[in-house]
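Student: I have a model open and would like to work through its fold. Can we take it step by step?

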Amino acid sequence: MKIGIGNDHVAVEYKKQIKEYIEDKYGYEVINYGTDSTERFDYPISGEKVANAVIKGDIDKGILICGTGVGIGLAANKVNGIRCVTCSEPYSAQFSRKHNNTNVLSFGARVVGIELAKMIVDVWLEGEFEGGRHQRRIDMLEQIEQKQRDHII
């Protein structure tokens, strides 16, 4: 499995630790789409890069980290086909996979401690979409995206 990871300047250390954690625990390839500098960096850049890589199939899932996880997650969600969840605890991460089939996870380096971040990543990576009644809602989300594409085009 290939996981894309993106971040801004606030989350450089978190990105390094989460990347290493995933590689060591799961053996997944983790591809860096973020910055390695602590100089100011605009989070929409890496949010969009990771989201586009998911949509193109270059990676299987994406993980995004900024100060709160909110801004970078919003950037990812602007890309059609992305279902990014911003989490500060494992329960939402787990059910976002089970019920919403999220393909991108975001969290905040200023919001959660690194060990909690690892727990969030674990339940999210290990979670599986249940399908069934939940697929109907995913289909509805895709219909909203299609309406937007039709309106803009």
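The questions below go from the sheet to the cores and then to one residue; the model is predicted.

Student: Which strands stand at the edges of the sheet?
Tutor: The sheet is open, has five strands and pairs them in parallel. Its order is 2-1-3-5-4. An edge strand has a single partner, so one side of it is left without a neighbour in the sheet. That describes strand 2 and strand 4.

Student: How many bridges join strand 1 and strand 3?
Tutor: In the order 2-1-3-5-4 these two strands are neighbours. Within that pair, Ile5 stands opposite Ile63. The pairing is parallel, and the number of bridges is five.

Student: What angle does helix 1 make with strand 1?
Tutor: Helix 1, residues 12-26, packs on the sheet. It touches strand 1, strand 2, strand 3 and strand 5. Its direction makes an angle with that of strand 1 of about 170 degrees.

Student: Which element gives the largest share of the largest nonpolar core?
Tutor: This core has 24 residues, and Ile18, Ile22, Ile63, Ile65 and Phe107 have the most contacts inside it. Strand 1, helix 1, strand 3, strand 5 and helix 5 each give two or more residues. The largest share is six residues, and it comes from helix 5.

Student: How many residues does the other core have?
Tutor: It lies apart from the largest one. Among its members are Leu64, Cys66, Ile82 and Cys84. Its size in residues is 14.

Student: Which strands do the buried residues of helix 3 pack against?
Tutor: Helix 3 covers residues 70-77. Its buried residues are Gly71, Ile72, Gly73, Ala75 and Ala76. They pack against helix 2, and also against four strands: strand 1, strand 3, strand 4 and strand 5.

Student: Is Asn32 buried, partly exposed or exposed?
Tutor: Asn32 lies in strand 2, residues 29-32. Buried means under 20% relative accessible area, and exposed means over 50%. Asn32 has 30% relative accessibility, so it counts as partly exposed.

Student: Which side chain makes a polar contact with the side chain of Asn32?
Tutor: Leaving out residues up to four places away in sequence, Asn32 touches Ile5, Asn7 and Lys15. A polar atom of its side chain also lies 2.8 Å from the backbone nitrogen of Gly34. The side-chain to side-chain polar contact is at 3.3 Å, and the partner is Asp36.

Terms used: Residues are numbered from 1 along each chain as its sequence is written. This is a predicted model: local features need pLDDT of at least 70, side-chain atom pairs count only at pLDDT 80 or more; totals for chains, interfaces and linings use all residues. Side-chain values use heavy atoms; hydrogens and water are left out. Buried means under 20% relative accessible area, exposed over 50%, partly exposed in between (1.4 Å probe, protein chains only). Contact means heavy atoms within 4.5 Å. A polar contact is a pair of N or O atoms within 3.5 Å; within protein, one must be able to donate a hydrogen and the other to accept it, and residues adjacent in sequence count only if both atoms are side-chain atoms. Two strands pair if DSSP finds at least two bridges between them. Axes are lines fitted to C-alpha atoms, for helices over the stretch in contact, and angles run from 0 to 180 degrees between N-to-C directions. A nonpolar core is a set of buried Ala, Val, Leu, Ile, Met, Phe, Trp, Tyr and Cys residues joined through side-chain atoms within 4.5 Å.
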